[in-house]
Amino acid sequence: MLQLLRAGARACLRPTGGRGLNALAEEAGQHLEKPESLARAGPQVPVLHKSDFPVPVHRRPVQAWVESLRGYEQERVGLAELHPDVFSTAPRLDILHQVAIWQKNFRRISYAKTKTRAEVRGGGRKPWPQKGSGRARHGSIRSPIWRGGGVAHGPRGPTSYYYMLPMKLRVQGLKVALTIKLAQDDLHIVDSLQLPTEDPQYLTELARYRRWGDSVLLVDLAHEDMPQNIVAATSRLKTFNLIPAVGLNVHSMLKHQTLILTLQTVAFLEEKLLWHDSRYTPLYPFHLPYCDFP
Amino acid sequence: MAAISGLGVTRRGLAWIIAGVPRRELWSRFSASSFYRDDQSQSSATSMEDRSQFMNREEKKPVVAETLEEVKKEPILVCPPLRSRTYIPPKDLQSRLESCVKEIFGSSAPSNWQNVSLEDGHLKFSFLSRLADDLGHAVPNSRLHEMCRVRDVLDFYNVPVQDRCKFDELIASNLPPNVKITWGY
């Protein structure tokens, strides 16, 4: 064990490639955590995360602190490098607006329906003769100018507001939302979502101590791997919501004040969102099987 | 018999009732929780002793486990007091930075310490976290990528930060006599 630690420390001092450094650091960090108790002090191996995808030559990766949820004071456990094309794109507020409005409207079906003059019961007969009665001329008692008559231009039947924005536009919306969260200091990266207790008060006090805000969106990789404590704590809280990485969307990111991503989620998002930058147009729809779809 | 069946007894209990077993033996078999449900049951002296022993045995285990857990919880999960975001750069900031650079980067030329690059992840992390712990003010995520050299870090830490909102600042500043600000927060 000590030999492994020493080897890890020696390897860390030598700057190696991205993945190797990351893996070694994580290994050494894991082996360090297990035997030691919760309250540890002194030099720890920092958790360094490097992006798995090549960064364009003219751009530098953006960085963020890697925090931990295990203690109140563990705010700087490591440093994560984030791909600039995902976390530092142009802040296109118009795209963000388009995607947010699309999310709100594409599922909408309005069920409002009113009857026209043809559908209202009655009104087939001319109420009085055209000339001679002294009253205005009318053809039916259900015309729209009559009380109890049909509606002239009212809502007609269930209407669907379904439309789809192009896939690349929706992807760009996600990238812009992540960029804006990082630029406004509302994005926090966490090594994992493990909590010491399942008490929801611990989570609220942690958010208050670190000044995260009133509403927090926690994103993990998949439902199966979510730790029990965080699931129990968030199920009892209204403003702290836990979603898998596939459930990340622009509306939720805008609705919650803070966004918490794990390192695995960051890798997943980078892989999925960067693929669209350099893909061919599909010959057949993407929901059918492809051999190289990420 | 009706009172017993109204308790919601287990299948085992029902079997005992049907077999016509005397009540003393019935109650001694039941668990401690079901005793509390029925306040009207008439219990004999012998079964009371059995029950109290059974209950004591149950109570001892959770009490011991609880005290252990509480002792572990208290020193770790107490929330520390809220920190204020105000930051006033100390007067010896330059010297502090220089000493930090020398500690973490090892030997560096004294005239060139401001030009030291922070490209390596390890060194950057240790340097910035050390400074944040010392000064009580950390570089936010949005500005981490700007910190390429120690000079950028020095410029960042030279800027004071106030915790007041704009309205409080306006109220505190010199206003003309015909301007009144009422701010309920």
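The following legends describe close-up views of a predicted model.

The model is predicted, with local features needing pLDDT of at least 70 and side-chain atom pairs counting only at pLDDT 80 or more, while totals for chains, interfaces and linings use all residues. Residues are numbered from 1 along each chain as its sequence is written, chains are lettered from A and ligands numbered from 1 in the order in which they are written, and side-chain values use heavy atoms, leaving out hydrogens and water.

**View 1. The largest cavity and its lining.** One cavity of 30 Å³ or more is present, where a cavity is a set of points on a 1 Å grid over the protein atoms alone at which a 1.4 Å probe fits but cannot get out. The largest cavity holds about 40 Å³ of space, a volume being the space filled by probe spheres set on the points. Among its lining residues (those with an atom within 4 Å of a point) are A:His49, A:Gln63 and B:Gly121. Strand β3 of chain A (strands are DSSP runs of E, at least two residues; helices are runs of H or I, at least four) supplies three residues, the largest share. The lining divides into three nonpolar, three polar and two charged residues.

**View 2. A nonpolar surface patch on chain B.** B:Phe167, B:Leu170, B:Ile171, B:Leu175, B:Val179 and B:Trp183 make a patch of about 460 Å². Such a patch joins nonpolar side chains within 5 Å, from residues with over 30% relative accessible area and no salt bridge. B:Leu170 belongs to helix α9 (residues 166-172) of chain B. With 35% relative accessibility, B:Leu170 counts as partly exposed (buried is under 20% relative accessible area, exposed over 50%, partly exposed in between, with a 1.4 Å probe and protein chains only).

**View 3. The salt bridge between A:Asp191 and A:Arg70.** The closest N and O atoms of this pair are 3.4 Å apart; a salt bridge is a side-chain nitrogen of Lys or Arg within 4 Å of a carboxyl oxygen of Asp or Glu. A:Asp191 lies in the loop between β6 and α6 of chain A and A:Arg70 in the loop between β2 and β3, so the pair ties together parts 121 residues apart in sequence. A:Asp191 is buried, at 18%, and A:Arg70 is buried, at 17%.

**View 4. A salt bridge within a helix of chain B.** B:Glu98 and B:Lys102 have their closest N and O atoms 3.5 Å apart. These residues are separated by about one helical turn because they stand four residues apart in helix α6 (residues 93-105) of chain B.

Notes: 1 Å grid on protein atoms, 1.4 Å probe; cavity = no way out; pocket = protein on both sides within 12 Å on 5 of 7 lines; lining within 4 Å. Nonpolar A, V, L, I, M, F, W, Y, C, P; charged D, E, K, R; others polar. Patch = residues over 30% accessible without salt bridge, like charges linked within 9 Å, V, L, I, M, F, W, Y side chains within 5 Å. Areas by Shrake-Rupley, 256 points an atom, 1.4 Å probe, with all protein chains shown as cover.
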